[in-house]
Amino acid sequence: MTAEFSPSTPFVGGDAVIPVSALNRAIGTLLERAFALAWIAGEVSNFTRAASGHWYFSIKDDCAQIRCVMFRGRAQYAQFTPREGDRIEVRATVTMYEPRGELQLNVEAVRRTGQGRLYEAFLKLKAQLEAEGLFAAERKRALPSHPRTIGIVTSLQAAALRDVLTTLARRAPHVPVIVYPAPVQGADAAARVAAMIGTANRRAEVDVLIVCRGGGSIEDLWAFNDESLARAIASSVLPIVSGVGHETDFTIADFAADVRAPTPTAAAELVSAQRTVLLRELDHRHAALARGFGRMMERRAQQLDWLARRLVSPAERIARQRQHLRQLSLRLCSAGARPVRDARAQLTMVQLRWQRSRPDMERASERVQRLGQRLRDALRRQHERRRAQVSELAARTELLSPRRTLERGYAALIDPHSGAAVRAPDALNPGSRVTVHLAHGSADLGIAHVQPRLDEEF
């Protein structure tokens, strides 16, 4: 005999028999009531994607693990597919898989570990820049309706670049495109993108700038949540269209840009008018111009008819013009002769004055030659005087030379140790040696005996 069992039924003794399915169902209900929806962190293992689209995997840490299931209805909205060894956070409820009696997590959302902190940092920076007025509508610049050149800031390997170029080639093949390459993911991606925006502004070779990349997780798009990049976009002189990620992806760069496009392809469509539309508009303008030109020709023809009725005889008009021309010719001849006479008289006066003030080159040449001769004579006399002075000084120097004194029979005694001249007998000691300098050489002498005496003064 079996008994009905519910989560509120207490466990009682006796002969009551509880079915396994009822027990598992009761345990599952208790678990769902006891554990509210929460975020749980762990490392992915045993990940499997079923043909139905459901995800089956486990998350674990150093001490334990638990199985997880994420049904297709939830998995299709996930921004990434977990891989073996990924650190993730799952938003799930604790349930019981009744057929096997296994505890599992029913996952509603999944994100990479730290994504919640990144989102908080995103909201904090967004609030800060918004308070500074960086996202204000009055700061936004209008996009040019017909840009002559379009610039793109993105990675050369990005799929978004191919999408943008394909769209521009289809819509506006006549508009040249300049690509400013910069990495869109990595540690220095934000600084490189900001540098390329600055380069495009300095070169001033494009009319509008597209900053784009494909979709990805919040970590992949984090370079576009950088404060320095947002300020570079806001301070750009060129209008900037942000085409980062998919329609559901929002970054700080989107708010700082002048226009936010949901995708890179949409960004290309925003900055380029469709060629067929332009051609259609051109046809309309051409037709309007043709109609306007036709109406103008009709007015001119009507005006011509009116003037033709006022037209006088051509022969009479020509005769009057000839008479007027003869009068002008006489006045011209009369007016032209007087200035010529005055100019000739003035020229004659100028010639006379020039003849009187014309320098005599021959006399000036003779004077220069005389002055040159006088200068040469003065220099020669001065040179002779200086040579005589030098000869006199050389003779006086020779008379005062010490060698002259030695030639008269004198000698100089030098102490070999100090190198000083010996001037008194007191400086000599028996047994010491001195160097004697004579007129024709020197000799070393030894002092055998010193007898002081008073010499005569010369």
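## Salt bridges within helices

A salt bridge here is a side-chain nitrogen of Lys or Arg within 4 Å of a carboxyl oxygen of Asp or Glu. In this predicted model, the structure holds 14 salt bridges. One of them links Glu 227 to Arg 231, with the closest N and O atoms 2.9 Å apart. Both residues belong to helix 6 (residues 227–234), where they sit 4 residues apart, about one turn of the helix. Glu 227 is partly exposed, at 30% relative accessibility, and Arg 231 is also classed as partly exposed, at 31%.

Another pair is found in helix 9 (residues 275–310), where Glu 281 and Arg 285 are 4 residues apart and thus separated by about one helical turn. Their side chains meet in a salt bridge with an N to O distance of 3.1 Å. Are the two partners buried or exposed? Glu 281 has a relative accessibility of 31% and counts as partly exposed. Arg 285 reaches 57% and counts as exposed, because the cut-off for that class is over 50%. Returning to helix 6, salt bridges that share partners join Glu 227 and Arg 231 with Glu 132 into one network.

## A salt bridge between strands

Glu 108 and Arg 91 form a salt bridge in which the closest N and O atoms are 3.7 Å apart. Glu 108 lies in strand 5 (residues 102–112) and Arg 91 lies in strand 4 (residues 87–97), so the pair ties together parts that are 17 residues apart in sequence. Both partners fall in the intermediate accessibility class: Glu 108 is partly exposed at 27% relative accessibility, and Arg 91 is partly exposed with a relative accessible area of 33%.

## The annotated region

For residues 19–110, UniProt lists "domain: OB-fold nucleic acid binding" in an unreviewed entry. Over this range the chain is 21% helix and 48% strand. The C-alpha atoms at the two ends of the range are 35 Å apart.

A nonpolar patch on the surface is formed by Ile 18, Leu 23 and Ile 27, which together have about 190 Å² of accessible area. Leu 23 is placed in helix 1 (residues 20–34). The relative accessible area of Leu 23 is 31%, so this residue is partly exposed.

## The sheet of strands 11, 12 and 13

How are strands 11, 12 and 13 ordered? The 3 strands form an open sheet in the order 11-12-13, with antiparallel pairing. Strand 11 (412–414) and strand 13 (441–446) are at the edges; each has a single partner strand, so one side of each is left without a neighbour in the sheet. From one strand to the next, the twist averages 30 degrees. Strands of a sheet pair through backbone hydrogen bonds, either parallel or antiparallel.

Strand 12 (residues 433–438) pairs with strand 13 in the antiparallel sense over 6 bridges. The connection from strand 12 to strand 13 is a hairpin through 2 residues. Bridge partners can be named for two positions: His 437 is matched with Ser 442 in strand 13, and Val 434 is matched with Leu 445 in strand 13.

## Positive phi angles

Most residues other than glycine have a negative phi, and most peptide bonds are trans. Which strand holds Asn 46? Asn 46 is placed in strand 1 (residues 38–49). The phi of Asn 46 is positive, about 55 degrees, although the residue is not a glycine.

Ala 204 is not a glycine either, and has a positive phi of about 55 degrees. Ala 204 is located in the loop between helix 5 (189–203) and strand 8 (208–213). With a relative accessibility of 58%, Ala 204 counts as exposed.

How values were computed. Residues numbered from 1 in each chain as written. Predicted model: local features only at pLDDT ≥ 70, side-chain atom pairs only at ≥ 80, totals over all residues. Heavy atoms only, no water. UniProt positions renumbered as here; feature names shortened; annotations may be inferred. Pairing = 2+ DSSP bridges. Axes fitted to C-alpha atoms, helices over the stretch in contact; angles between N-to-C directions. Patch = residues over 30% accessible without salt bridge, like charges linked within 9 Å, V, L, I, M, F, W, Y side chains within 5 Å. Areas by Shrake-Rupley, 256 points an atom, 1.4 Å probe, with all protein chains shown as cover. Buried < 20%, exposed > 50% of the residue type's maximum accessible area, 1.4 Å probe, protein only.
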